[in-house]
Amino acid sequence: GCSIDKLSPSGNPVQLVASTSTGLGSVFSSSFAVTVGPATKVAFTTQPTTATVAQTFPVAPVVSIQDAGGNTVTTGVSSTATVTLALGSNPGGGTLTCSGGLTKAAVAGVATFTGCSIDRAGSPYTLVASSVGLASATSSPFSVGLVPATITLVRSRGMITYGESVTFSVQLGPNGGNRPIALEYHSAGAPFTTIANLVTNGSGFASFTYAATRTGYVRARFAGATDLGAATSPVYIVGV
């Protein structure tokens with residue numbers, strides 16, 4: 001029942017040595033080679049890393065077909081086995097896609113999954129790799145974060161004076177098209193309240209004309225979405 005879990009170095013066969021604890025000397029076996037065994041499992045040889053929602057993973061996951069000792073099976077029928085990638089832990093309820101597909105035939109025992117992304121933020125996600133007849137593998141956990149949003153608020157007048165109309169222009173990015181934006185106002189000692197609910201156009205732009213009825217502060221706020229983080233603009237002061 002003896003086994004060796006690593007390949008013998010090229011050109012350097014392995015020998016076993018037998019010895020005793022009573023000083024009788026030792027003896028070496030004949031030289032022999034240790035070669036790759038039959039395929040028994042798949043393993044992640046390149047793990048997924050922290051990613052951003054709906055954007056390609058910065059590092060492509062790589063799965064290898066291995067023998068019991070963890071050596072990649074580079075030849076034979078098993079070296080071209082089909083490997084399937086799927087979500088394991090799915091805290092965000094996301095969907096995994098890869099531009100090259102979620103099923104790939106290994107080449108010399110290696111399957112590289114390119115253009116992969118998950119469409120919802122969450123942590124920790126894991127991936128599971130499987131191949132018929134082989135033990136499956138689960139990746140290390142990783143997180144998928146939201147794209148940070150940016151929001152700017154521009155006024156049409158140099159100074160905002162209460163009682164006079166002013167047009168506010170909102171720009172939300174990136175990918176800020178068709179998003180709800182709240183234009184909010186507060187006076188000293190009071191919380192912000194919504195004075196207008198806007199929806200950005202395809203370019204992430206929206207505008208609203210408002211006549212302030214008292215002094216205070218105006219800002220634009222995006223509450224966030226499943227693919228874009230929340231953001232709040234700097235405030236403008238409404239003066240006398």
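This is a short talk on one disulfide and one set of paired strands in a predicted model.

I'll take the cysteines to begin with. The structure holds 1 disulfide. Its partners are Cys-98 and Cys-116, with an S to S distance of 2.0 Å. The cut-off for calling a disulfide is 2.5 Å between the sulfur atoms, and this pair, at 2.0 Å, falls within it. As a reminder, a disulfide is a covalent bond between the sulfur atoms of two cysteines.

Where do Cys-98 and Cys-116 lie? Cys-98 sits in strand E7, residues 96-98, and Cys-116 sits in strand E10, residues 116-118, so the bond ties together parts that are 18 residues apart in sequence. On handedness, the torsion about the S-S bond of Cys-98 and Cys-116 is about 100°, so this disulfide is right-handed.

Are Cys-98 and Cys-116 buried or exposed? Both are buried. Cys-2, on the other hand, has a relative accessible area of 84%. The threshold for exposed is over 50%, so Cys-2 counts as exposed.

Now the strands. I'll go through them by way of E17, which covers residues 165-173. Strand E15, residues 150-155, runs antiparallel to E17, and 6 bridges join the two. One residue pair to look at here is Arg-155, whose bridge partner in E17 is Phe-168.

E17 is also joined to strand E20, residues 205-211. How many bridges join E17 to E20? There are 7, and these two strands run antiparallel as well. For a residue pair on this side, take Ser-169: its bridge partner in E20 is Ser-207.

So E17 pairs with both E15 and E20. That's what I have on this model.

How values were computed: Residues are numbered from 1 along each chain as its sequence is written. This is a predicted model: local features need pLDDT of at least 70, side-chain atom pairs count only at pLDDT 80 or more; totals for chains, interfaces and linings use all residues. Side-chain values use heavy atoms; hydrogens and water are left out. Helices (H or I, at least four residues) and strands (E, at least two) are DSSP runs, numbered from the N terminus. Buried means under 20% relative accessible area, exposed over 50%, partly exposed in between (1.4 Å probe, protein chains only).
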